Amino acid sequence: MELKTILEKRRSVRKFLDRKVEQEKLQRIADMALTAPSSRNSRSTRLMIVDKKEDLEHISTMRDYGAAFVKNAAAAILVMGDKEKSDLWLDNCAITATILQMAVVDEGLASCWVHVGDYLTLKDEPESQRSEDYVKEVLPEIPAEYRILCVISIGYADYTPKP
C-alpha cells in the first residue's frame with residue numbers, strides 16, 4: 001500500500017469485530033514499527049504484544065476514562081521506552097507508535113492510541129494510582145526500567161470511519 005493511501009485511511013477506531021488477529025500480522029506490525037528512527041540510534045523503544053482477553057480487560061480499566069474499549073480489541077501493543085538507554089526514550093516511543101499505527105493500516109487492521117504515562121486510574125482522585133503502575137502490576141514481566149508511553153489497541157474495525 002502506498003504511504004499516501006495509508007495516511008488517508010488511518011483513523012482512531014474504538015469498535016472492533018470479535019475476530020482474532022493473526023500472530024503473523026502482529027509480528028509484522030511490531031517489526032515494521034521497530035524500524036523507526038531513534039535518537040542517536042539508541043533503539044530505546046520496546047514493544048509488547050498483548051492478546052490474552054483477560055490482560056486486555058485489565059488494561060481497559062487502567063483509567064476510569066478513555067481506555068474501556070481496549071477490552072474489545074483483538075490485541076494491543078504496549079509502546080515502552082528503556083529509560084536507561086536514552087534520555088529521549090519518550091520521543092523515540094512517540095515516533096515508533098506513529099509508525100506502528102501506519103503499519104496496522106498496511107496490514108488491513110484498525111487501531112487507537114491510548115495514552116498511559118502519568119495519567120491517574122481515577123481522573124478526579126489525585127491520590128489514585130498512576131495508570132503506568134497499574135499496567136505494570138497487570139503485566140509484571142515489564143522490566144522496572146521501562147516506561148510506558150501508550151497502548152495501541154488493534155483489531156478488525158467494526159465500522160468504517162469517515163474520511
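A disulfide is a covalent bond between the sulfur atoms of two cysteines. To count as one here, a pair of cysteine sulfur atoms has to lie within 2.5 Å. Keep that in mind as you look at this model, which is predicted.

**Cysteines**

How many disulfides does the structure hold? The count is zero. Take cysteine 93, which is in no disulfide: the nearest cysteine sulfur belongs to cysteine 150 and is 7.4 Å away. Cysteine 112 has cysteine 150 as its closest partner too, but the two sulfurs are 10 Å apart, so they are too far from each other for a bond. Are these cysteines buried or exposed? Cysteine 93 has 0% relative accessibility, so it counts as buried. Cysteine 112 comes out at 1%, so it counts as buried as well.

**One face of a helix**

Now find helix α2, which covers residues 23-33. Its buried residues are Lys25, Leu26, Ile29, Ala30 and Ala33. If you look down the axis of α2, these buried residues fall within an arc of 135°, so they line one face of the helix. What do they pack against? The partners are β1 (45-50), β2 (75-82), α4 (89-106) and β4 (146-155).

**Two nonpolar cores**

The largest nonpolar core is made of 26 residues. Those with the most contacts inside this core are Ile59, Met62, Leu78, Val135, Leu139, Ile142 and Val151. Which elements give two or more residues to it? They are β1, α3 (53-59), β2, β3 (110-115), α5 (131-138) and β4. Zoom in on isoleucine 59: leaving out residues up to four places away in sequence, it touches Val50, Ala67, Val70, Leu78, Leu139 and Val151.

Another core, of 20 residues, lies apart from that one. Its members include Leu26, Ala75, Cys150 and Ile152. You've met Leu26 already, as one of the buried residues of α2.

**Charges over rings**

Next, some side chains with a positive charge and the rings they sit over. Here they are side by side:

| Charged residue | Ring | Distance to ring centre |
|---|---|---|
| Arginine 14 | Phenylalanine 69 | 5.7 Å |
| Lysine 123 | Tyrosine 65 | 5.0 Å |

Arginine 14 lies over the face of its ring, and for lysine 123 it is the charged end that sits over the ring. As for rings pairing with other rings, the count comes to one aromatic pair.

**Start of the chain, and a loop**

Methionine 1 is in the segment before α1. Its C-alpha atom is 9.1 Å from that of glutamate 107, although the two residues are 106 apart along the chain. Which residues is methionine 1 in contact with, leaving aside neighbours within four places in sequence? They are Ile6, Lys9, Val105 and Asp106.

A bit further along, leucine 7 lies in helix α1 (residues 3-9). With a relative accessibility of 49%, leucine 7 counts as partly exposed. Leucine 7 and glutamine 101 are 94 residues apart along the chain, yet their C-alpha atoms are separated by 9.8 Å.

Last stop: the loop between α2 and β1, where you'll find arginine 43. This residue has a positive phi of about 50°, although it is not a glycine. Arginine 43 is partly exposed, with a relative accessible area of 37%.

Notes. Residues numbered from 1 in each chain as written. Predicted model: local features only at pLDDT ≥ 70, side-chain atom pairs only at ≥ 80, totals over all residues. Heavy atoms only, no water. Buried < 20%, exposed > 50% of the residue type's maximum accessible area, 1.4 Å probe, protein only. Helix = DSSP H or I, 4+ residues; strand = E, 2+ residues; numbered from the N terminus. Arc of directions from axis to C-beta. Contact = heavy atoms within 4.5 Å. Phe/Tyr/Trp six-rings, centres within 6.5 Å; stacked < 30°, edge-to-face > 60°. Lys NZ or Arg CZ within 6 Å of the ring centre and 35° of its normal. Core = buried A, V, L, I, M, F, W, Y, C linked by side-chain atoms within 4.5 Å.
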